[in-house]
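Student: I'd like a close look at one part of this model. Please keep it brisk, and explain each term as it comes up.

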Amino acid sequence: MKLTYCTFVLTMLLFAEMVIGSCDTKLECSLLGNLLEMAMKHKGQDNVCQCLSRNKIPAFSSMLTKPQSLGTNDAIKFDKIVTNIRNGYNPTTGIFTAPLAGVYQFSYTVFTGDGKYLIVYLSLNNIKQQSTWLLGSRHKTGTNNIVLNLKKGDQVAVKSRGSYTVHSDSDLYCSFSGYLIAQ
């Protein structure tokens, strides 16, 4: 239903763009304007707008401010919150809990200690979704992105595959972010 509605609104906007330039009378433009206004103010059964506003769309971005030693399957606790709209991310646990069902985009960046191994993975409800494996003679950075279809209450975290240390400091080398793309 929502996809159909969005398609309708986009079609109407395209149609309006074509017609507005050719309106010969005020009546035609007024009717088209009223139709577009009605379409843009789509309301649900409770007569409330169904469009999410900027401060209602779940989104978070967090950073790691210091090295963190991890055991197997421990979540990285990105402790500096940059953005946390709808409070889905908990810096104490390192876990994002979806406040709304929908399609979300997540990304993370991790940084190894000098010459150290680091293997981490993105977890959805404790199930591995993707991994990052790093080893080098120097510090290495690894980044990953993924789009997930979540139910309300699903939990996402970046976890360690073993006993490793994630390196970071005041230069904020490591981050974890996510946001709702569509409902």
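Student: Which residues do ring pairs link into a cluster?

Tutor: Ring pairs link F60, F78, Y89, F96, Y104, F106 and F176 into a cluster. First, the ground rules. This is a predicted model, where local features need pLDDT of at least 70 and side-chain atom pairs count only at pLDDT 80 or more, while totals for chains, interfaces and linings use all residues. Residues are numbered from 1 along each chain as its sequence is written, and side-chain values use heavy atoms, with hydrogens and water left out.

Now the rings. A pair of aromatic rings is described by the distance of the centres and the angle of the planes. Rings of Phe, Tyr and Trp (its six-membered ring) pair if their centres lie within 6.5 Å; planes under 30 degrees apart count as stacked, over 60 as edge-to-face, and the rest as tilted. That rule gives 12 aromatic pairs. Take F60 and F176: their ring centres are 4.9 Å apart and their planes are at 75°, so the pair is edge-to-face. The pair links distant parts of the chain. F60 sits in strand β1 and F176 in strand β12, 116 residues apart. Both F60 and F176 are buried. (Buried means under 20% relative accessible area, exposed means over 50%, and partly exposed is in between, with a 1.4 Å probe and protein chains only.)

Next, the strands that carry this pair. Helices (H or I, at least four residues) and strands (E, at least two) are DSSP runs, numbered from the N terminus. Strand β1 covers residues 59-64, and 5 of its 6 residues are buried. Two strands pair if DSSP finds at least two bridges between them. β1 pairs with β12 (residues 174-182) in the antiparallel sense, over 6 bridges. There, S61 has S177 as its bridge partner. β1 is also joined to β3 (residues 80-85) by 5 bridges, and these two run antiparallel. In that pairing, M63 is matched with K80.

Just past β1 comes a charged contact. K66 and D79 form a salt bridge, with their closest N and O atoms 3.4 Å apart. (A salt bridge is a side-chain nitrogen of Lys or Arg within 4 Å of a carboxyl oxygen of Asp or Glu.) K66 lies in the loop between β1 and β2 (68-70) and D79 in the loop between β2 and β3, so the pair ties together parts 13 residues apart in sequence. K66 is partly exposed, at 49% relative accessible area. D79 is also partly exposed, at 31%. By the rule, the count comes to 1 salt bridge.

Another sheet is worth tracing. It is open, with 5 strands in the order β4-β5-β10-β7-β8 and antiparallel pairing. Its edge strands are β4 (89-90) and β8, each pairing on one side only. β4 is joined to β5 (residues 95-97) by 2 bridges, and the two run antiparallel. N90 stands opposite I95 in β5.

Finally, step back to the whole chain. It has 2 helices and 12 strands. Along the sequence, both helices come before the strands. Buried residues make up 39% of its 183 residues. Contact means heavy atoms within 4.5 Å. Among contacts between residues at least 6 apart in sequence, 67% join residues at least 24 apart.
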